[in-house]
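Hello,

Here is the structure I promised to pass on to you. Have a look at it first, and then read my notes below.

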Amino acid sequence: MKIAFLGLGHMGLPMARNLQAAGHDVIGFDVMPAAREAAVAVGVPLAESGTDAATDADVVITMFPAGKHVIEAYEGGLLAAARPGTLFIESSTIAVDEAQAAHAMAIAAGHRNIDAPVSGGVVGAENATLAFMVGASDDDFAAALPLLEAMGKRIVHCGGPGLGQAAKVCNNMILAVSQIVVGEAFVLGERLGLSHDALYDVAANASGQCWALTTNCPVPGPVPTSPANRDYQPGFAGALMAKDLGLALQAIDQTSTDARMGRLAQEIYAAFAAGSGGGRDFSGIITDIRDGQ
Ligand code: NAD
């Protein structure tokens, strides 16, 4: 397969390398010179531009910061440059309606398109253990599956176009709310004289059990690999959680959903990211809770 990989940032570059390792002919591009230099340094060949890369590709994968970059690139010549029938795999985290708009644009230009956002972070991208949440027709899902399997471990077909992004925002809303309340529980426990280990031992084996507690435990000690043990170095940075909750809020408003916890989580993480939390792991919200911010 000839694959154009556009957006060679924290996630995109290791994903492109895993496709190369699986034997695909990958040609990359990034608008940032530093990203292009990093790609050349690890042996990912580059095109002169995104449209050049797409010209004779079978598949075009985009891994951009946000939806506006995807729409701009699609409108700005990417769709026009590709051969009819090219499969566009959009893996950035973008709004559900943006994914559906990108899909409609690709179809109108005679192409195929799926949304395939990921979770698993940079470590998952490097180790090819990402989870992909896919919105696609059955045929397009089947066509993309071998490529996604070269970059990830768990590939879930969530439904038609846009529903991969829908799954991603819903999952991250659960994660955000649970990370906040796990932090609140530890701070409340501290004030009641309860040790971290005692609360952990109880909740991790009872109905309070969740990923935010047993993998991303926000206090140092009970889970030695959690970011709390390294001064909240990410992990999953507060800025990315704030971004994803912004997309969840957009979806909540568009569907008039009574999601009060999701709304509150968006407010809390927007403030966290605007303060000291943008570059810290999102479990660091516990320090804001402790400080009463
Ligand atoms: P990043 O900013 O490191 O990389 C994005 C790259 O896209 C940048 O290098 C940028 O220059 C490039 N780019 C932007 N417009 C372009 C264009 N028109 N043509 C070519 N390149 C272009 O971001 P990242 O951390 O790699 O994240 C990428 C996406 O994955 C985001 O949507 C993010 O929300 C999502 N995501 C990130 C993580 C994570 O842990 N970093 C985890 C899950 C999902």
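Before we get to the ligand, one bit of vocabulary: Ala, Val, Leu, Ile, Met, Phe, Trp, Tyr, Cys and Pro count as nonpolar, Asp, Glu, Lys and Arg count as charged, and the others, Gly among them, count as polar. Please also keep in mind that this is a predicted model.

With those classes in hand, the shell around the ligand has 15 nonpolar, ten polar and two charged residues. In total, 27 residues surround the ligand, and the closest are Gly 7, Gly 9, His 10, Met 11 and Thr 93. Where does the shell come from in terms of domains? At least three of its residues are drawn from each of domain 1 (2-160) and domain 2 (166-291). Looking at individual elements, α4 (67-81), β6 (118-119), α6 (121-127) and α11 (238-254) each supply at least two residues of the shell.

Now to the start of the chain. Is strand β1 (residues 2-6) mostly covered or mostly open? Mostly covered: four of its five residues are buried. β1 has two parallel partners to look for. With strand β2 (residues 25-29), β1 runs parallel and is joined by five bridges; here Ile 3 stands opposite Val 26. With strand β3 (residues 59-62), β1 also runs parallel, this time joined by four bridges, and Ala 4 has Val 60 as its bridge partner.

Finally, try tracing the path from β1 through helix α1 (residues 12-21) to β2: together they make a right-handed β-α-β unit.

Enjoy exploring!

Best wishes

Key:
Residues are numbered from 1 along each chain as its sequence is written. This is a predicted model: local features need pLDDT of at least 70, side-chain atom pairs count only at pLDDT 80 or more; totals for chains, interfaces and linings use all residues. A residue is near a molecule or strand if its C-beta atom, placed from the backbone, lies within 6 Å of it. Domain bounds come from an automatic or database domain assignment. A residue is buried if 20 or more other C-beta atoms lie within 10 Å of its own, exposed if 12 or fewer, and partly exposed in between; C-beta atoms are placed from the backbone. Two strands pair if DSSP finds at least two bridges between them. A crossover is right-handed if, with the strands pointing away from the viewer, the path from the first strand over the helix to the second runs clockwise.
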